[in-house]
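Colleague: Before the terms are discussed, please show the model to which they apply.

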Amino acid sequence: MTSISDDALNLSGVSKQYGKRGQPLLALDRIDLKVPRGQLFGLIGHNGAGKSTLFKLVLGLITPSQGHIRVNGIAVDGPDFRNARRAIGYLPENLVLYDNLSGLETLEFFAQLKGAPKNQCAPLLAQVGLEAAAGRAVREYSKGMRQRLGFAQALLGSPQLLLLDEPTTGLDPSAIRDFYDQLESLRAQGVTIVISSHVLAELQQRVDALAMLGNGRIQAQGTVAALREHSRMPIRLCVTGDATRLTELATALQRDANHAVLSTHQASPDTLEVRCAREHKMALLGLLAPAGLHDLQILEPSLEDVYFGLREEV
Ligand code: ATP
């Protein structure tokens, strides 16, 4: 059995309404969300879905209109949170930096604000690949360098919970890989990481689980595999073989009386792609087995396919 404090994050019935007097806007609507400790958890959703609002609520920067939030079992609106807040690292979507300070001075400034040891700053800059640029003014930093500095800032104080709002924006492919390698080793140390991103391909292989926000509500949550099941997106079987036999096979599959096959597409003379519902996969394999194929690949729907599939459902 799990208790509330086994969760790094626990949101129960959380709503946030902006603009009470003017035009009210319900940014989050009765959100229930649990993130177990030590997970790498993804948050996805369209622009304006409510991802940044959720982060700000967890940090106590804004207050919910309704509902309860606990971080490592501690209520965000309770007296103990001020102290617990030190164990949270946050990389906002747009971190404001003082252009005249150097990278090292910037980090030292944030360390002071956060009450983190100053001697963490230089090693953290090295960890994010900014060692050589530590003495340069931030005004001279590229977008990716500013983002790395922001990440170093989030790591100050060795947080147990990291909230990263679109952290890979502006990073080049090798920096993205380094970044996720670092997340992996932080997770191995027991750090819980919640990351929002619009780059679904990045998250697909890396997150333990994720939640999909849409119009302020959680539309789906779970592992990528569970969301695939839930979305009922078709799988694709890509087979190669003798061209004439593949053409015959395509014709036979299209006539399939059990309707296991949704569509076929002969991408090249010796390659046939067959789409079918997940529950018909084994039946379809049975149909393909006697066809004397050379090779077969099963292609699962990508997280992007699942995302669009689920959005259509709502
Ligand atoms: P994006 O992917 O574009 O960063 P998001 O999922 O992070 O979007 P939020 O920034 O949380 O979305 O915004 C959710 C909704 O709340 C939007 O409709 C936004 O306009 C609104 N909103 C956010 N902050 C405020 C604010 N301070 N005052 C009024 N409305 C706000």
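**Terms and their grounds**

Modeller: In this predicted model, an oxygen atom of the ligand lies 2.7 Å from an N or O atom in the side chain of serine 52. Local features require pLDDT of at least 70 and side-chain atom pairs count only at pLDDT 80 or more, while totals for chains, interfaces and linings use all residues. Residues are numbered from 1 along each chain as its sequence is written, and side-chain values use heavy atoms, with hydrogens and water left out.

Colleague: Why is the pair formed by serine 52 and the ligand called a polar contact?

Modeller: A polar contact with the ligand is a pair of N or O atoms within 3.5 Å; the serine 52 pair is 2.7 Å apart, and therefore qualifies. A polar side-chain atom of lysine 51 also lies 2.8 Å from a ligand oxygen atom.

Colleague: What makes a residue part of the shell around the ligand?

Modeller: One of its heavy atoms must lie within 4 Å of the ligand. 14 residues surround the ligand, Gly48 and Thr53 being among the closest. Helix 1 supplies 3 residues, the largest share of that shell.

Colleague: How do you know that strand 11 (residues 235-240) and strand 13 (residues 271-276) pair?

Modeller: Pairing requires that DSSP finds at least two bridges between two strands; 6 bridges join these antiparallel strands, so they pair. Leucine 237, for example, has valine 274 in strand 13 as its bridge partner.

Colleague: What makes strand 12 (261-268) and strand 14 (295-299) edge strands?

Modeller: Each of them pairs on one side only. The open sheet has the order 12-13-11-14, with antiparallel pairing.

Terms used. Polar contact = N/O pair within 3.5 Å; in protein donor to acceptor, adjacent residues only side chain to side chain. Helix = DSSP H or I, 4+ residues; strand = E, 2+ residues; numbered from the N terminus.
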